[in-house]
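Here are my notes on the model, as numbered points. Please read them with the structure open.

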Amino acid sequence: MSSQKRIRILVAKPGLDSHDRGAKVIARAFRDAGMEVIYTGLRQTPEQVAETALQEDVDVIALSILSGAHLALFPRIMELLKQKGLDDVLVFAGGIIPKEDVPRLKEIGIAEVFGPGTRTETLVKFVQENVLKGK
Amino acid sequence: MTKIEELIDGVLKGDRRSIAKTITIIENNLPEAQKALSLLYPHTGGAHIIGVTGPTGSGKSTLIHKLAGELRRRGKTVGVVAVDPTSPFSGGAFLGDRVRMQELSTDEGVFIRSMATRNTPGGVAKATKDAVKVLDASGKGVVIVEAVGAGQSEVEIMKIAQTIVVVLAPGLGDDIQAIKAGLMEIGDIFVVNKADRENVNKAVVDIEAMLDMNPDKEKWRPPVVMTTAIAGEGTTELLDKIDEHRKYLEAGAIEIRRRERTEAELVEVIKEKVAESVVEDLKRKGELEEVVRKILSRETDPYSAADMLLAKRLKVLKRPSHV
């Protein structure tokens, strides 16, 4: 009896944010789009994000951040992912991230950065079109 | 070595990436899944498998977090498989059990995997059982399986475990739910969590009364433990009871259970393989559609039809007499 392979996506909030409504909204949207969403809650360290991605063998990581610490945290996360052999995971970010920081983030491997108010349909479509299914 | 042999080699060495990838292969029944399981099987049987179940909101995940922490202090390595329901509408799932356990993510002696039930009848129990096997083979001393005890399939998942802990909390209308879900029958240890609330003593008394009513008295009388998981209280007592149960099993009961479970698993696998090959053959020859049409028009019924279809294929075997 075979199970259908589902897209596994980690929704993580690194750093000292305390607002998770946005992250929960998109987590539910991904679930409603048929994905298996691993939601880890607030105050994740880069080590926790990378290790969770490894253990759960996720296809996608959605980083949600509102605190402005993205330039401090994201490079560390990407480095850890690389160390753990998770280069082929699709990583994207959302929240409060100034436009001028986006090129730097893309340089380190963040596939796309979405601003507040991005429709969940856009995010779902982005994931479906960009995820590597046959890793 | 082939890719899968390399992966299994990694699992046996406890490499976390190998463990994660292998669970994915097996969960999705990818082509190498069976080979992976065959390679792993000789290395299973070493872990103590604990099932933790109970209604939503009883505090299972928090309790598991504390249990794992205490197990680590006692020098054990721990695997956790947390099962959550798949949405019947979208096929997706919100797997949020890790929220309560995230501190353990960076502990090298703990491996946590979240799984969705995926709504395949019987399928979730198999996938969960296989994930447990991977963690067992990787050398984890204890593997904890968590599932909400809401339906039949969750009760099935619990049968993977050697020690089943049923977690209840006062005021959730538990006792009635527990009876309905068959949890009272399979529980080896009962926990009343959130013991800082009111009605805790009533809950304990109710459970004890129900256990006294149970006619099926094995030599093990399930104890009732009070915990306040969030404060870490009662964890040591619970772990001591779990240890006691393990010793009780090892004194004899475990061999009987193991034999029964292994036989049941073998029978399941045989059924699955036979059904798959017969149905595939029928579909290929176009016979399935024709027979379904006949059943719909009441020319025949499913049982006679099955008899007729099987008679041609299972010539060597005697047909089951109860049909």
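1. Start with β1(A), in what is a predicted model. Both faces of this strand are covered. Arg8(A), Leu10(A) and Ala12(A) are buried on one side. Ile9(A) and Val11(A) are buried on the other. The strand spans residues 8–12 of chain A, and 5 of its 5 residues are buried.

2. Next, the pairing with β2(A), residues 36–39. The two strands run parallel and are joined by 4 bridges. Within this pairing, Leu10(A) has Ile38(A) as its bridge partner.

3. How does the chain get from β1(A) to β2(A)? It passes through helix α1 of chain A, residues 21–32. This β-α-β crossover is right-handed.

4. β1(A) also pairs with β3(A), residues 60–65 of chain A. The sense is parallel, again over 4 bridges. Here Val11(A) is matched with Ala62(A) in β3(A).

5. Now chain B. The domain assignment splits this chain into domain 1, residues 1–42, and domain 2, residues 44–251. Contacts link the two: 12 residues of domain 1 touch 13 residues of domain 2.

6. Which elements of chain B give two or more residues to the domain 1 side of this contact? They are α1 (3–12), α2 (16–27) and α3 (33–40). α2(B) gives the most, with 6 residues.

7. Last, the composition of that side. The residues of domain 1 of chain B that touch domain 2 divide into 8 nonpolar, 2 polar and 2 charged.

Definitions and conventions
Residues numbered from 1 in each chain as written. Chains lettered and ligands numbered in written order. Predicted model: local features only at pLDDT ≥ 70, side-chain atom pairs only at ≥ 80, totals over all residues. Domains from an automatic or database assignment. Contact = placed C-beta atoms within 7 Å. Nonpolar A, V, L, I, M, F, W, Y, C, P; charged D, E, K, R; others polar. Buried ≥ 20, exposed ≤ 12 C-beta atoms within 10 Å, placed from the backbone. Pairing = 2+ DSSP bridges. Right-handed = clockwise from strand over helix to strand, strands pointing away.
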